[in-house]
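Dear colleague,

Please find below the structure I promised to pass on to you. Once you have had a look at it, you can read on for what was found in it.

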Amino acid sequence: MNRTITRKTIFRTLVIIGLIIAGYFIIPVSVPIILAGITAFLLEPIVMFFKRKWKMSRKIAVAVIYIVSATFIAVMCYFTITQLMSQIISISKQAPYYISKLSDMWLQMQGHISQYTENFPAEVRTSLQNTTWDFIKKVEESFLSFFNYSKVTNLLSEIPSLFISLLVYMIALFLFMLDIPKIKRIVYKYLKPETANKMKIITTRLKDAFFGFMKAQILVSFIIGGVALIGLYIIQPKYAVTMALIVWIIDVIPFLGSIIILAPWGTYHLLMGNTSLAIKLFILATILLIIRRTVEPKVMGAHIGLSPLPTLIAMFVGLQLFGIVGLLVGPFVIILFFALKETGIIKLNFKI
């Protein structure tokens, strides 16, 4: 009896180790397929809604949702890759000119500092001037490093592989969307009834959280778009509608935000000598960033089922651990934890 138990334990341990090793090598090269499966799983409630509401067959419902999703992805790719990269290339080519303008501006500022500090002791005046010049050189080096033309062209050389990954993702997404009922049947066939019920509860919580997250993102982006439109009408009426629309579209995409548009725009005007306009754009970018960081946790918490404080803590800790992606990962980890606790997989019945 003990030998049988030992053999089973060893076998299970070896299987788990084998799966971990296989996952370590397979998962990194299967990211587009994994993402396609997750996306199809999240879109499944919409497919079912179309089937019930308009009495469609599954194939037609999948085709409609897929076309809408593909169109949305194509539009986002156009705005975030084509336009953004062309602007980065343009800026990188003109980086030396911008650096020259920046240096001239800082030299003028240094002259003003010399004028304002002429009554200071010589040591203090020299220290201030050296500190200012060191700061100018660091800004210049950072700017040239970030907008280095060879770095940008190397980044562009990765676009073909990204395009292939996107193509694989789109094909896999369509196939997953068609076969989800079959995949569910296969998975649940190997689960005990109680395990299957727990799995359904967990997947339901995660789906609700995802759609709540998307609702929160859209709601916050509308607030950002409205404030951006009002601010740009005050700052630059000629481009207010167009730029506010671009800010809104970019802000809908998680992790990008409006600052990716307003900060380079303000920097451009600063380099061109339009200091007043640049400062106004930087102030608007700061206001929008403050609105997002204060409103987002509350709105997201209300839509994904967490109170604002745990949502804020989860987003902050996720940001510190995983970078910008952690803003999304953090709240979902908390939701997964509560779902596992609700199903009894995690038990915390203790007192100190």
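Helix 12 contributes six residues to a nonpolar patch on the surface, and that is the most that any element gives to the patch. Please keep in mind as you read that the model is a predicted one. The patch covers about 780 Å², and the residues that make it are Leu 309, Ile 313, Phe 316, Val 317, Leu 321, Phe 322, Val 329 and Val 333. Two helices each supply at least two of the patch residues, namely helix 12, which spans 308-322, and helix 13, which spans 326-342.

One residue of the patch may serve as an example. Leu 321 is located in helix 12, and it counts as exposed because its relative accessible area is 61%, while the cut-off for that word is over 50%.

As for the chain as a whole, the protein chain holds 13 helices and zero strands, so that, by the way such elements are assigned from DSSP runs, what you can follow from the N terminus onward is α-α-α-α-α-α-α-α-α-α-α-α-α. The protein chain has 352 residues, of which 30% count as buried. Its accessible surface comes to about 22,700 Å², and carbon and sulfur atoms account for 71% of that area. Finally, if you take the contacts in the protein chain between residues at least 6 apart in sequence, you will find that 66% of them join residues at least 24 apart.

With best wishes

Terms used. Residues numbered from 1 in each chain as written. Predicted model: local features only at pLDDT ≥ 70, side-chain atom pairs only at ≥ 80, totals over all residues. Heavy atoms only, no water. Patch = residues over 30% accessible without salt bridge, like charges linked within 9 Å, V, L, I, M, F, W, Y side chains within 5 Å. Areas by Shrake-Rupley, 256 points an atom, 1.4 Å probe, with all protein chains shown as cover. Salt bridge = Lys/Arg side-chain N within 4 Å of Asp/Glu carboxyl O. Helix = DSSP H or I, 4+ residues; strand = E, 2+ residues; numbered from the N terminus. Buried < 20%, exposed > 50% of the residue type's maximum accessible area, 1.4 Å probe, protein only. Contact = heavy atoms within 4.5 Å.
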